[in-house]
Amino acid sequence: MNNNNWRPAQNGNPMMDTTDWRTQLQPGWRQRIINKIIDTLKKHAPSPDQEALHELKNIAERFEERIYTNATSQWDYLRKISLKMLTMETRSQNTIPNALPSNPGGANGSGHILFP
């Protein structure tokens, strides 16, 4: 009797994992990711009203679904979402002219900013 019937077929490759990573996600996990995306989008929307909030939710859901569908692993999924959100944050900071004073109070004259 073969005791290996419970294992997924690996086609001779012990490094190949045939388990779909999506089946291992905890309930509500994707919704928490969507909520984080919505929070990031809200930061960049000028005082969103109810209709705009609904549209931001739709955008976040479509974006998350596209990444979720195309990701090869949970790590890939999180990496792609994180990179996109970081890009959004960076772009919004670069579009705000003179967001920082020309001589921040923490500068020590050497060009380095001191952190408390």
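Lys57 sits partly exposed in this predicted model, with 35% relative accessibility. Its side chain meets that of Glu61 in a salt bridge, with N and O 2.7 Å apart. That pair is one piece of a bigger tally, since the model has 8 salt bridges. Away from the charged pairs, there's also a nonpolar core to look at, and the largest one has 17 residues.

**The Lys57 and Glu61 pair**

- Glu61, the partner of Lys57 in the salt bridge, is partly exposed too, at 27% relative accessibility.
- Both residues belong to helix H2, which covers residues 50-70, and they're 4 residues apart.
- Because of that spacing in the helix, Lys57 and Glu61 are separated by about one helical turn.

**The Asp76 and Lys80 pair**

- Over in helix H3 (residues 74-94), Asp76 and Lys80 are also 4 residues apart, or about one turn of the helix.
- Asp76 and Lys80 form a salt bridge, and their closest N and O atoms are 3.2 Å apart.
- Is Asp76 buried or exposed? Asp76 is buried, because its relative accessible area is 6% and the cut-off for buried is under 20%.
- Lys80 has 28% relative accessibility, so this residue counts as partly exposed.

**A shared network**

- Some salt bridges share partners, and that's how Arg30, Glu64 and Glu65 get joined into one network.

**The Asp20 and Arg22 pair**

- Asp20 and Arg22 bring their side chains together in a salt bridge, at 2.9 Å from N to O.
- Arg22 counts as partly exposed at 21% relative accessibility, and the buried range is under 20%.
- Asp20 is partly exposed as well, with a value of 35%.

**The nonpolar core**

- Which residues have the most contacts inside the largest nonpolar core? They're Trp21, Ile33, Ile37, Ala60, Tyr77 and Ile81.
- Three helices chip in here: H1 (29-43), H2 and H3 each supply at least two residues of this core.
- H1 gives the most to the core, with 6 residues.

**A closer look at Ile81**

- Ile81 is one of the core residues with the most contacts inside the core.
- If you skip its neighbours within four places in sequence, Ile81 is in contact with Ile33, Ile37, Phe63, Glu64 and Ile67.
- Two of those names should ring a bell: Ile33 and Ile37 are also among the residues with the most contacts inside the core.
- Glu64, another contact of Ile81, turns up in the salt-bridge network with Arg30 and Glu65.

Definitions and conventions:
Residues numbered from 1 in each chain as written. Predicted model: local features only at pLDDT ≥ 70, side-chain atom pairs only at ≥ 80, totals over all residues. Heavy atoms only, no water. Salt bridge = Lys/Arg side-chain N within 4 Å of Asp/Glu carboxyl O. Buried < 20%, exposed > 50% of the residue type's maximum accessible area, 1.4 Å probe, protein only. Core = buried A, V, L, I, M, F, W, Y, C linked by side-chain atoms within 4.5 Å. Contact = heavy atoms within 4.5 Å.
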